[in-house]
Amino acid sequence: MRKTILVLIIGVPAIAQSSGFDINTLDKKADPCVDFYQYSCGTWLAQNPIPADQSTWGRFGELEERNRKILYDILEQASANDPKRDTVTREIGDFFAACIDTAAIDRRGTAPIKADLDRIAALKTKQDIQGELVNLHRIGANALFRFDSTQDAKNSEQMIGEVDQGGLGLPDRDYYLKEDAKSVEQRKQYLAHVQKMLQLLGDAPVTASQGAAVVMRIETELAKGSQDRVTRRDPNATYHKMTGHELFSLCPFFEWPKYFAAMGAPPLESLNVVAPNFFRQLETTLVTNSLDDFKTYLRWHLAHSVARLLPAAFVDEDFNFYHKILTGTKEQRPRWKRCVDYTDAGLGEALGQKYVEKTFGVEGKQRTLKMVNEIEKALGDDIRTLEWMTPATRQQALVKLEAVKNKIGFPDKWLDYSSVTIARDDALGNDRRAKEFEVERQLHKIGRPVDRTEWQMTPPTVNAYYDAQMNNINFPAGILQPPFYSNRTDEAANYGAIGAVVGHELTHGFDDEGRQFDAEGNLRDWWTPEDAKAFEQRAECFVNEYSSFTAVADVHVNGKLTLGENTADNGGLRLAFMALLDAMKDKPLAPLGGLTPEQRFFAGWGQIWCQARRPEMARMLATVDPHSPPDARVNGVVSNMPEFQKAFSCKVGQPMVRAPRCRVW
Ligand SMILES: [Zn+2]
């Protein structure tokens, strides 16, 4: 699955209420031609400081919070121990009830992982690591590498197995390799965190300190063998279909067929090895480190993967490093919010069913479909009139556009979790069994045809995605609400918000990554060399533009990492504007609150991105997030649009009038 999302969600929000587009929160003192982000968001940002338990706070966050409150109401009712509950209600209710019962969790201490710790302690030879990896991978722990199923990039009808780099405790390989003062400091803090976690498992301070150094050494070796994020955006750089024997020749330490079988996968004739160099490095790491070192490494990854459902000391230490230090969050979120999120992550389509019953009507689906059809028409018009594209490529692009499928709201059929044992007094066990269910379900797909009805996001999610291998766009019910969409605010702002979101997802099929896949979702070059060159020249303009934005203090936006998202933002807003103009031919819109429809359209775009970030979080996102920061998402796009400059009467030489303007679609 190669999916490009609308926004990376890491932090999670805290206050209720969410409103639609609001003319009153524009900063009328700011000049829209100087800083349109400030004009769109200045007043909202001034009125909405980041809550203590958040690392970012913006319009997405507000909406997530509103959804979370709805989910909480559902779960609180469902968790009453009532024998008359239906199966789905019992599943989600008991999962939540166990999670929220911190007294019981504290009482049991580390008992829920005792068997795992004993097993690791009893490993006799380095070859035994393989069996223990199976135990950890089956509960979703990220030890040494990853194994999953995926769509074959060159045969999109078929599911295959895939092994990939993994095994790090920090958010990215760069955290291990960069030499700037902040990175050096964060590595010291990470060492202290690993040491504390090992102490919580019972190690003496000196042993734990040595253990942390071992973990750092092994993970740094793995980081050095890992692909960076810009490389991983290139679908050809991550596609290496190999036989089992070829994988064995990269990393002969493991008996791979035995590992795959123990994981529950069918026998594999071939599989995708995403990053072959990583497996060469893994072999070296396995050969050169001792069994005792790996015991420490495995214990750390076990504790790391389950910490959030262990007693308070583990939860607090995990929060302290991953949220307080790495993202700048001041306080931990209340338990109920975390348990809502864990239930969504573990039993998402059970909870999602109840959410949809409560919130999402037929009307919402129809209105969204109408918008999608209008934006698709706009992209067709755009492709037909682009001056830089030759007829041969234009024809293929239209074929691809015609083949895009739309999924809106929620799945046609829901996952059935009835085989997962859920106990009211076993929070960690429930979570592990839900993860095992998911791992098994994914691996079971290997060798089978692709199921195109599945969703990669749960219904309450405030996000959307395009999947290049499915060639489909997906809008969960959770995003089809204010401020993205409202039947109360005016149409012009809707086009600038949800219309641009639809356009963004659609454009992903034609960004630097998506354009390499054809109408059927296969990685196949359907571009003439001259069109490919013209595309790349135009894309380079975005790379330069966004590289000039600052993410935080000394850190610039990575123009290459964010290229696909920036292309989608620029194309998306243009398509939405074309659709608005089209709609206004039949139904002209009047000025409102002193703003023309065109001005409200752009302000609708500006307002969905209002978001403040703590500096620590801004720093992390600059490394891991393929999306640009909010001010760049707003100003970076409008400054490329003559339509914007006309709407606000901006003059040549003003900051929101870029020269030369960048444009692909
Ligand atoms: Zn996107």
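**Exercise 1. Find the residues that line the second largest cavity, then work out which helices contribute to that lining.**

*Solution.*

Step 1. Begin with the lining itself: Ala-98, Asp-101, Ala-104, Ile-105, Arg-108, Pro-112, Leu-309, Arg-424, Asp-425, Asp-426, Ala-427 and Leu-428 surround the second largest cavity. Keep in mind as you work that this is a predicted model.

Step 2. Next, place those residues on the helices. Helix 4, spanning 102–108, and helix 20, spanning 427–444, each provide at least two residues of the lining. Helix 4 is the top contributor, with three residues.

Step 3. Now add the volume. The second largest cavity holds about 80 Å³ of space. Searching the whole structure turns up six cavities of 30 Å³ or more.

**Exercise 2. Lay out the sheet that contains strands 3, 4, 6 and 5, and say which strands stand at the edges.**

*Solution.*

Step 1. Write down the order. Four strands make an open sheet, arranged 3-4-6-5, with mixed pairing.

Step 2. Look at the ends of that order. Strand 3 and strand 5 (241–243) are the edge strands; each has a single partner strand, so one side of each has no neighbour in the sheet. From one strand to the next, the twist averages 40°.

Step 3. Take the pairs in turn.

- Strand 3 (residues 145–152) and strand 4 (residues 155–165) are antiparallel, with eight bridges. Two residues lie between them in a hairpin, and Arg-146 sits opposite Asp-164 of strand 4.
- Strand 4 and strand 6 are parallel, with three bridges. Here Glu-162 faces Asn-272 of strand 6.
- Strand 5 and strand 6 (residues 270–273) are antiparallel, also joined by three bridges. Lys-241 has Asn-272 of strand 6 as its bridge partner, and Met-242 pairs with Leu-271 of strand 6.

Step 4. Add the helices that pack on this sheet. Helix 12 (residues 256–263) touches strand 3, strand 4 and strand 6, and its direction makes about 80° with that of strand 3. Helix 13 (residues 276–288) touches strand 3, strand 4, strand 5 and strand 6, with its direction at about 35° to that of strand 4.

Step 5. Finish with burial. Strand 3 is mostly covered, with six of its eight residues buried.

**Exercise 3. Place Ile-446 in the fold, decide whether Ile-446 is buried or exposed, and list the residues that Ile-446 touches.**

*Solution.*

Step 1. Locate the residue: Ile-446 belongs to the loop between helix 20 and strand 8 (465–467).

Step 2. Check the accessibility. The relative accessible area of Ile-446 is 7%; because the cut-off for buried is under 20%, Ile-446 counts as buried.

Step 3. List the contacts. Leaving aside residues up to four places away in sequence, Ile-446 touches Phe-147, Asp-148, Ser-149, Met-159, Ile-160, Gly-161, Ala-265, Pro-266 and Leu-268.

Step 4. Compare chain and space. Ile-446 and Gln-151 are 295 residues apart along the chain, and their C-alpha atoms are separated by 8.9 Å.

**Exercise 4. Describe the sheet built from strands 1, 8, 9 and 7.**

*Solution.*

Step 1. Here the order is 1-8-9-7, in an open sheet of four strands with mixed pairing.

Step 2. Strand 1 (3–5) and strand 7 (405–409) are at the edges with a single partner strand each, so one side of each is left without a neighbour in the sheet. Neighbouring strands are turned against each other by 15° on average, direction ignored.

Step 3. Zoom in on one pair. Strand 7 and strand 9 (residues 472–476) run parallel and are joined by five bridges. One residue pair to look for is Lys-405 with its bridge partner Asn-472 in strand 9.

**Exercise 5. Work out the surroundings of Arg-633.**

*Solution.*

Step 1. Find Arg-633 in helix 26, which covers residues 630–638.

Step 2. Judge its exposure. The relative accessibility of Arg-633 is 2%, so Arg-633 counts as buried.

Step 3. Look for a polar partner: the side chains of Arg-633 and Asp-569 are joined by a polar contact of 2.8 Å.

Step 4. Complete the neighbourhood. Residues up to four places away in sequence aside, Arg-633 touches Leu-6, Val-7, His-504, Glu-565, Asp-569, Trp-605, Trp-609, His-627 and Ser-628.

Notes: Residues are numbered from 1 along each chain as its sequence is written. This is a predicted model: local features need pLDDT of at least 70, side-chain atom pairs count only at pLDDT 80 or more; totals for chains, interfaces and linings use all residues. Side-chain values use heavy atoms; hydrogens and water are left out. Two strands pair if DSSP finds at least two bridges between them. Axes are lines fitted to C-alpha atoms, for helices over the stretch in contact, and angles run from 0 to 180 degrees between N-to-C directions. Buried means under 20% relative accessible area, exposed over 50%, partly exposed in between (1.4 Å probe, protein chains only). A polar contact is a pair of N or O atoms within 3.5 Å; within protein, one must be able to donate a hydrogen and the other to accept it, and residues adjacent in sequence count only if both atoms are side-chain atoms. Contact means heavy atoms within 4.5 Å. On a 1 Å grid over the protein atoms alone, a cavity is a set of points where a 1.4 Å probe fits but cannot get out, and a pocket is an open set with protein on both sides within 12 Å along at least five of seven lines; lining residues have an atom within 4 Å of a point. Grid points are joined across faces, edges and corners, and a volume is the space filled by probe spheres set on the points.
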